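Me: I'd like to learn how to read a protein model with you, one feature at a time. Could we begin with burial and charge pairs, then move on to the overall fold?

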Amino acid sequence: DTGMSFRYGRLASAWTKPGVICLDEPNSAKPDVWFLLRPLLDSEKQLAIDINEGEILPRHESSYLGMAMNPSWDYRNSGTNPLADADVSRLYHVQVGMPPENVEADIIRTHCEAIGFNIDDRRLRQMRKIATDLRDTAEGGELMFSWGTRSQLKVARLLPYFTIEQA
């Protein structure tokens with residue numbers, strides 16, 4: 001006896017329980033990852049654990065798999081790969097755009113409150129104006145980056161210490 005034992009990883013554990021599994025940016029992974037994912041996405045909905053003597057784990061009926069991917073065709077998403085036709089045909093695609101302005105403002109306010117900072121309406125309007133300008137410029141292909149809500153939150157975290165221009 002070597003004292004070693006087999007334990008399921010995060011994916012296998014989640015696959016057999018109710019819940020939502022979110023894979024972030026699987027189209028930036030090595031091709032081997034897609035060989036693991038394909039059986040999860042087809043009609044079999046099973047996970048093969050090769051290292052555990054080929055054990056087959058069926059999906060729990062209330063386990064759901066989602067993936068969040070940035071498109072490989074957008075030059076700003078370096079490191080992403082196009083999906084193979086076989087993978088595209090297994091997936092449902094939902095494009096998620098920017099939240100409405102009032103929702104993004106609520107996200108920023110809530111985030112600021114969580115870090116002990118109450119952002120005033122004037123700064124929030126300034127941030128919104130700058131974000132609109134940056135987003136329009138990025139969509140026009142003049143910037144090599146995008147400006148999403150995550151970028152807004154990074155700026156908001158700096159506002160207690162810096163001017164909005166510095167942040």
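Me: Are Asp87 and Arg38 buried or exposed?

Reply: Start with the cut-off: a residue counts as buried when its relative accessible area is under 20%. By that test both Asp87 and Arg38 are buried. Asp87 has a relative accessible area of just 2%. One caveat up front: this is a predicted model.

Me: OK, so what does Asp87 pair with?

Reply: The general idea is that side chains of opposite charge can pair when their charged atoms come close. Here, Asp87 forms a salt bridge with Arg38, and the closest N and O atoms are 2.6 Å apart. The pair links distant parts of the chain: Asp87 sits in helix α3 (residues 85–88) and Arg38 in helix α2 (residues 31–41), 49 residues apart. If you skip residues up to four places away in sequence, Asp87 touches Trp34 and Arg38.

Me: How many salt bridges does the structure hold?

Reply: It holds 9. Let's take another one that joins two helices. Asp121 forms a salt bridge with Arg109, with the closest N and O atoms 3.3 Å apart. Asp121 lies in helix α5 (residues 121–139) and Arg109 in helix α4 (residues 101–114), so this bridge ties together parts that are 12 residues apart in sequence.

Me: And how do I read the burial of those two, Asp121 and Arg109?

Reply: Use the middle class, which runs between the 20% and 50% cut-offs. Asp121 has 45% relative accessibility, so it counts as partly exposed. Arg109, at 29%, counts as partly exposed too.

Me: Which side chain does Asp133 meet in a salt bridge?

Reply: That would be Lys129, at 2.8 Å from N to O. Here the thing to look at is the spacing: Asp133 and Lys129 both lie in helix α5, 4 residues apart, which is about one turn of the helix. Asp133 is partly exposed, with a relative accessible area of 35%. Salt bridges can also share partners, and in this model that joins Glu101, Glu104, Arg128 and Arg135 into one network.

Me: What about charge across the whole protein: how far apart are the mean positions of the positive and negative charges?

Reply: For this one you average the places of each sign and compare the two points. The protein has 19 positive and 24 negative charges, and their mean positions are 5 Å apart.

Me: Let's zoom out. In what order do the elements run?

Reply: Read them from the N terminus: α-β-α-β-β-β-α-α-α-α. That makes 6 helices and 4 strands. The radius of gyration is 21 Å, well over the 15 Å the globule rule gives for 167 residues, so the protein is more spread out than a compact globule. Along its principal axes, the C-alpha trace spans about 65 × 40 × 30 Å.

Me: How much of the protein is buried, and how much area does it expose?

Reply: Of its 167 residues, 26% count as buried. The protein exposes about 11,800 Å², with carbon and sulfur atoms supplying 53% of that. For contacts, look at sequence separation: of those with a separation of 6 or more, 66% come from residues 24 or more positions apart.

Me: Last one, on backbone angles. What is notable about phi of Glu25?

Reply: Its sign. Phi of Glu25 is near 55 degrees, a positive value in a residue other than glycine. Glu25 is placed in the loop between β1 (19–24) and α2.

Technical notes: Residues are numbered from 1 along each chain as its sequence is written. This is a predicted model: local features need pLDDT of at least 70, side-chain atom pairs count only at pLDDT 80 or more; totals for chains, interfaces and linings use all residues. Side-chain values use heavy atoms; hydrogens and water are left out. Helices (H or I, at least four residues) and strands (E, at least two) are DSSP runs, numbered from the N terminus. The radius of gyration is taken over C-alpha atoms; the globule rule is 2.2 Å times the number of residues to the power 0.38. Buried means under 20% relative accessible area, exposed over 50%, partly exposed in between (1.4 Å probe, protein chains only). Contact means heavy atoms within 4.5 Å. Accessible areas come from the Shrake-Rupley method with a 1.4 Å probe; for residues, only the protein chains shown count as cover. Lys and Arg count as positive and Asp and Glu as negative; His and the chain ends are not counted. The place of a charge is taken as NZ of Lys, CZ of Arg, CG of Asp or CD of Glu. A salt bridge is a side-chain nitrogen of Lys or Arg within 4 Å of a carboxyl oxygen of Asp or Glu.
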